[in-house]
Amino acid sequence: MSTPVRPRRSVLFMPGSNPRALEKARSLPADAIVIDLEDAVAPDAKAQARERVATTLGEGGFAPREVVVRTNGVDTPWFTQDLAMIAAASAKEEGPDAVLLPKVDDPETLLLVGRALEALGAAPSLRVWAMIETPIAVLRALDIALAAKNPGSRLAVLALGTNDLSKETGARIVPGRAPMASWLSHCVLAARAGGVGVLDAVWNDFRDVDGFARECREAADMGFDGKTLIHPDQIGPCNAAFSPRQEEVEAARALIALFDRPEHAGKGVVQVEGRMVERMHADIARKTVALADAIDRRN
Ligand SMILES: CC(C)(COP(=O)(O)OP(=O)(O)OC[C@H]1O[C@@H](n2cnc3c(N)ncnc32)[C@H](O)[C@@H]1OP(=O)(O)O)[C@@H](O)C(=O)NCCC(=O)NCCSC(=O)C[C@H](O)C(=O)O
Ligand SMILES: [Mg+2]
């Protein structure tokens, strides 16, 4: 049985300490939300934010959005309690769908966190998303992504963090992101090899609508499933960039129908108006249609 397609075009971050943002998230058209306990929450506010997030998760009301909570780093004093709160919430109705781990540097971390989640009695459906945002994480992205193939692994998504990558490497975040393009593509390849989803990083300058739309299109061309966001205004352009266009969906349906014709049964390749089309193109077309149908169902 094939896994149902889950659109992850727009994944909106919000501080766990901001009740207005948490409330607003219940009505925003993002595919997923990430409630942050890490960088968006000041050290003095960590405990209170964790409590607030536990209450908010208990109240629910976010469906059909995927709900993800980002913990503090595994080596921080807050991590154990963050993970325990998320595990407990996951065991309740409408619990979170995933925990997002910042700064994952190696597959061993995923193994340890997986064991901890088992010990804490987390729901079996709770997934792990891993942020790739350090030099070593980019270099080891394949090892990290392949951890998804281990029995019992919960890893479902890699999410890029270019602010931390910029901080750690000195590479600048510039339009087009040439200094980081090879790292981003490397992570897309790694994610696909591991069979997990992959999300592009945030665009900080949220008032620059044109620049943001351009970066969304570039990320879609690179093969990302979607982009992490910081502001509600970014959701619409992001959804548009990562949704198959109407004409693409129509062409995909026509291509699938072509290979279904009796005269093409058993053929690996046919020509359409002077263009070679192979069965692999029909496979790509099926993915396009499946994503479009999943988006329609959501809408
Ligand atoms: C950046 C912001 C602080 C700006 O907030 P604000 O000044 O309130 O903006 P607006 O006045 O334009 O907001 C308009 C309304 O929208 C609501 N709002 C704003 N942001 C969000 C949000 N993220 N989610 C939900 N709702 C949001 C405001 O409350 C206003 O509502 P209303 O009262 O109805 O008018 C703010 O956008 C923000 O905090 N963004 C998220 C920051 C964050 O979570 N950062 C951490 C993740 S990014 C990261 O860590 C990068 C990564 O790790 C890396 O290394 O790269
Ligand atoms: Mg970061």
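**Figure 1. Glu133 sits in a loop of this predicted model.** The loop that holds Glu133 runs between strand β5 (127–132) and helix α5 (135–139). Is Glu133 buried or exposed? Glu133 is buried, because 22 other C-beta atoms lie within 10 Å and 20 or more are enough to count as buried. Leaving out residues up to four places away in sequence, Glu133 touches Pro102, Lys103, Leu160, Gly161, Asp164 and Leu165.

**Figure 2. Asp164 belongs to helix α7.** This helix covers residues 162–169. Asp164 is partly exposed, with 19 other C-beta atoms within 10 Å. Which residues does Asp164 contact, if we leave aside its neighbours within four places in sequence? They are Lys103, Glu133 and Thr134. Look for Lys103 in both views: it is listed among the contacts of Glu133 and among those of Asp164.

**Figure 3. Glu133 and Asp164 come together at one spot.** The unreviewed UniProt entry lists these two residues under "binding site". They span 32 residues in sequence, yet their C-alpha atoms are no more than 5.5 Å apart, so they gather at one spot.

**Figure 4. Here is the shell of residues around ligand 1.** How many residues surround ligand 1? There are 21, and the closest are Phe13, Ala21, Gly161, Asn163 and Asp164. The elements that give two or more residues to this shell are β1 (10–15), α1 (19–24) and α7. Strand β1 provides the largest share, with 4 residues. You have already met Asp164 from the previous views: it is one of the closest residues to ligand 1 and is also listed by UniProt, in an unreviewed entry, for "binding site".

**Figure 5. Helix α8 has a buried side.** Residues 181–194 form this helix of 14 residues, which reaches 20 Å from its first C-alpha to its last, close to the 20 Å expected at 1.5 Å a residue. Its buried residues are Trp183, Leu184, Cys187, Ala190, Ala191 and Gly194. They cover an arc of only 120 degrees around the axis, which puts them on the same side of α8. A handy rule helps here: an α-helix has 3.6 residues a turn, so residues three or four places apart point the same way. On the face turned away from the buried side, you can find the exposed residues Ala181 and Ser182. Just after α8 comes Gly195, with a positive phi near 75 degrees.

**Figure 6. The protein chain is assigned two domains, domain 1 and domain 2.** Domain 1 covers 10–242 and domain 2 covers 246–298. Taken over C-alpha atoms, their centres are separated by 32 Å.

Definitions and conventions: Residues numbered from 1 in each chain as written. Chains lettered and ligands numbered in written order. Predicted model: local features only at pLDDT ≥ 70, side-chain atom pairs only at ≥ 80, totals over all residues. Expected span 1.5 Å × (residues − 1). Buried ≥ 20, exposed ≤ 12 C-beta atoms within 10 Å, placed from the backbone. Arc of directions from axis to C-beta. UniProt positions renumbered as here; feature names shortened; annotations may be inferred. Contact = placed C-beta atoms within 7 Å. Domains from an automatic or database assignment. Near = placed C-beta within 6 Å.
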